[in-house]
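Reader: Please take me through this model and state on what grounds each term is applied.

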Amino acid sequence: RYLACAFANELIEYSRRNCPPLVTVRHLRLASYVYRSHRPAVEALQVANEAYQIAARTDAKRTMSTCAYAIGSIYMQIGELDMADEWLTRAILPHSADSNDVATVNVWADRAELAVRRGNADDASLYFRHCIPGHLTSQAIRSEVLLRALEVRIALLRDESVSELVGPFEKAFEDTKSRCMFDFPAESLAIGLESVGRKDDARHAITSYVLEHRRDTCPLSPSLQVLFNRLTSK
């Protein structure tokens, strides 16, 4: 944690002094990811916003989108859904529904997650479908876990059975939880397990993630914190 933050600080200062604008944007955006994981959200937002403003001055649309995605994902992590919506809307502009790159998958997945958090199954399903072409092309581990999490949450929003979805999701989660995991999949797995009557497994999944495998040192997302408290309370 401390080494990552130190490198991020050094990268920020070096880029501000020495790099051309679009290189500075990339470095600031990468540093904002470190800050998101290990510093207060307000600091991560400041760095990501600085990157966005520089990109806007150069009118680099795709770069602006990438920065807007970083900002939107930070807001969603801290439960500020209206602000997340505003920034993720900006992020989606250059991404077509049939694009197949990883960045597009991530943006549509966050839009789908936002719709899930707002209880909008129709929008969540639409955005989920937009993720699929990119995932089929990339086969990225993070994308698979995110899509399985979304699949479970959308089915639950529609009052559909998730008994056949939880098993593959659980396996994908176990295969990746020590490498590239975030709060939403952990929360979704616990919810899915509990919904099929496996409350003890839900408790184990969430405590294992929070206490052993979560790399971020920032606070849990608000919804995950509530779920963790409920499942672990005596």
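**Helix 4 and its surroundings**

Author: Helix 4, residues 61-77, has 17 residues and spans 24 Å from its first C-alpha to its last, close to the 24 Å expected at 1.5 Å a residue. The model is predicted: local features need pLDDT of at least 70, side-chain atom pairs count only at pLDDT 80 or more, and totals for chains, interfaces and linings use all residues. Residues are numbered from 1 along each chain as its sequence is written, and side-chain values use heavy atoms, with hydrogens and water left out.

Reader: What makes residues 61-77 a helix, and how is the expected span obtained?

Author: A helix is a DSSP run of H or I with at least four residues, numbered from the N terminus; helix 4 has 17. The expected span is 1.5 Å times one less than the number of residues.

Reader: Why is helix 4 called largely enclosed?

Author: Buried means under 20% relative accessible area (1.4 Å probe, protein chains only). Of the 17 residues of helix 4, 13 are buried, so the rest of the structure largely encloses it.

Reader: Which residues does Tyr 52 touch, not counting those up to four places away in sequence?

Author: With contact taken as heavy atoms within 4.5 Å, Tyr 52 touches Met 64, Cys 67, Ala 68, Ile 71, Trp 87 and Arg 90.

Reader: What follows helix 4?

Author: Just after helix 4, Gly 79 takes a positive phi of about 85°.

Reader: Which residues of the largest pocket's lining lie nearest its centre?

Author: A pocket is an open set of points on a 1 Å grid over the protein atoms alone, where a 1.4 Å probe fits, with protein on both sides within 12 Å along at least five of seven lines; lining residues have an atom within 4 Å of a point. Among the 14 lining residues, Tyr 33, Tyr 69, Asn 106, Arg 142 and Phe 182 lie nearest the centre. Helix 4 gives the largest share of this lining, four residues.

Technical notes: Helix = DSSP H or I, 4+ residues; strand = E, 2+ residues; numbered from the N terminus. Buried < 20%, exposed > 50% of the residue type's maximum accessible area, 1.4 Å probe, protein only.
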